[in-house]
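Reader: Please take a close look at one residue and its partners, and then follow the strands and the open space around that part.

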Amino acid sequence: MIMNVIEAISIEAQQDAFGVRDRVFIVEQGVAPEIEHDQYDLDAIHFVGYLDGQAIAAARVRLINGAGKIQRVAILQAYRQRGHGKQLMLAIESILADRKVERFYLNAQTHAVAFYQALGYQVCSEPFYEAGIEHVTMEK
C-alpha cells in the first residue's frame with residue numbers, strides 16, 4: 001500500500017511523528033527519552049507517514065551546510081519489510097530536492113546499512129556507538 005508522507009508542520013502531525021519515534025526508539029530499542037528528544041527537534045524538519053489515517057513512519061531532517069542530515073528514521077514494527085521505509089526516504093529526498101538540497105547523509109544503525117545502500121547511500125565512516133547502538137555514517 002502507498003503511504004502518504006507529509007512534512008509535519010502542524011502540532012498534531014509533529015505529535016504523530018514523535019509518537020512513532022517513541023514507540024520505535026524508546027519502547028522497542030530502549031533509548032533514553034532525553035537522548036531521543038533533544039534540542040534539535042525544535043529546528044528540524046519533521047516528516048510523518050500515514051497509512052489508512054494512522055501514523056506508521058517518521059523521520060526528521062536537519063539542514064547543515066546545505067546538506068540534509070536525515071535522523072530518527074522510524075517505521076512501526078508491524079509495518080516493516082513492506083516498502084514503507086523506502087517510501088519515506090524517497091519522499092523526504094523529493095521534498096527537500098524542491099528546496100535545492102542535493103546531498104544527504106545519516107548515521108545508520110548497522111543492521112540497516114543494506115537498506116540505505118539499496119537507496120544509493122554509501123558508508124563513509126568506521127562503526128561507532130550512538131545511544132549504545134552501533135552506527136555508521138552514510139551519504140548520498
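The answer below starts from a single side chain and works outwards.

Author: This is a predicted model, in which local features need pLDDT of at least 70 and side-chain atom pairs count only at pLDDT 80 or more, while totals for chains, interfaces and linings use all residues. Residues are numbered from 1 along each chain as its sequence is written, and side-chain values use heavy atoms, with hydrogens and water left out.

The residue to begin with is R72, which sits in strand β4, residues 67-75. Strands (E, at least two residues) and helices (H or I, at least four) are DSSP runs, numbered from the N terminus. R72 has a relative accessibility of 18% and therefore counts as buried; buried means under 20% relative accessible area, exposed over 50%, and partly exposed in between, with a 1.4 Å probe and protein chains only. Two acidic side chains meet the side chain of R72 in polar contacts: E36 at 3.2 Å and D38 at 3.1 Å. A polar contact is a pair of N or O atoms within 3.5 Å; within protein, one must be able to donate a hydrogen and the other to accept it, and residues adjacent in sequence count only if both atoms are side-chain atoms. Apart from neighbours within four places in sequence, R72 is in contact (heavy atoms within 4.5 Å) with R21, F25, I35, E36, D38, A58, A59 and R60.

D38 deserves a look from its own side. D38 belongs to the loop between α2 and β2, and because its relative accessibility is 21%, it counts as partly exposed. Once neighbours within four places in sequence are set aside, the contacts of D38 are R60 and R72. R60 is thus in the contact lists of both D38 and R72. Besides the polar contact with R72 at 3.1 Å, the D38 side chain reaches the backbone nitrogen of Y40 at 3.0 Å.

Next comes strand β2. Since 7 of its 7 residues are buried, β2 is largely enclosed by the rest of the structure. In a regular strand the side chains alternate between the two faces of the sheet. Both faces of β2 are covered, with I45, F47, G49 and L51 buried on one side and H46, V48 and Y50 buried on the other. β2 pairs with strands β1 and β3; two strands pair if DSSP finds at least two bridges between them. The β1 pairing is antiparallel with 4 bridges, and that with β3 is antiparallel with 7 bridges. F47 serves as a marker in both: E7 stands opposite F47, and A59 is the bridge partner of F47 in β3. A59 is also one of the contacts of R72. β2 and β3 form a hairpin with 2 residues between the strands, where D52 has a positive phi near 50°.

β2 and β3, together with β1 (4-7), β4, β5 (104-109) and α4 (113-118), are among the elements covering the buried residues of α3. Those buried residues are H84, G85, Q87, L88, M89, A91, I92, E93 and L96. The 14 residues of α3 (residues 84-97) should span 20 Å at 1.5 Å a residue, and because the end C-alpha atoms are 20 Å apart, the two figures agree. The expected span is 1.5 Å times one less than the number of residues.

β5 leads on to strand β8 (residues 133-139), which is largely enclosed by the rest of the structure because 5 of its 7 residues are buried. β5 and β8 run antiparallel with 5 bridges, and N107 has T137 as its bridge partner in β8. β7 (residues 128-130) is joined to β8 by 3 antiparallel bridges, with F128 opposite H135. A hairpin with 2 residues between the strands links β7 and β8, and A131 in the turn has a positive phi of about 55°. β6 (residues 122-123) is joined to β8 by 2 bridges, also antiparallel, and V123 stands opposite M138.

That leaves the open space. The largest pocket holds about 860 Å³. F25, V73, Q109, A112 and Y116 are the closest to its centre among the 35 lining residues. A pocket, on a 1 Å grid over the protein atoms alone, is an open set of points where a 1.4 Å probe fits, with protein on both sides within 12 Å along at least five of seven lines; lining residues have an atom within 4 Å of a point. Points are joined across faces, edges and corners, and the volume is the space filled by probe spheres set on them. β4, the strand of R72, gives the most to the lining, with 7 residues. α1, α2 (33-36), β4, α3, β5, α4 and β8 each supply at least two lining residues. F25, close to the pocket centre, is also a contact of R72.
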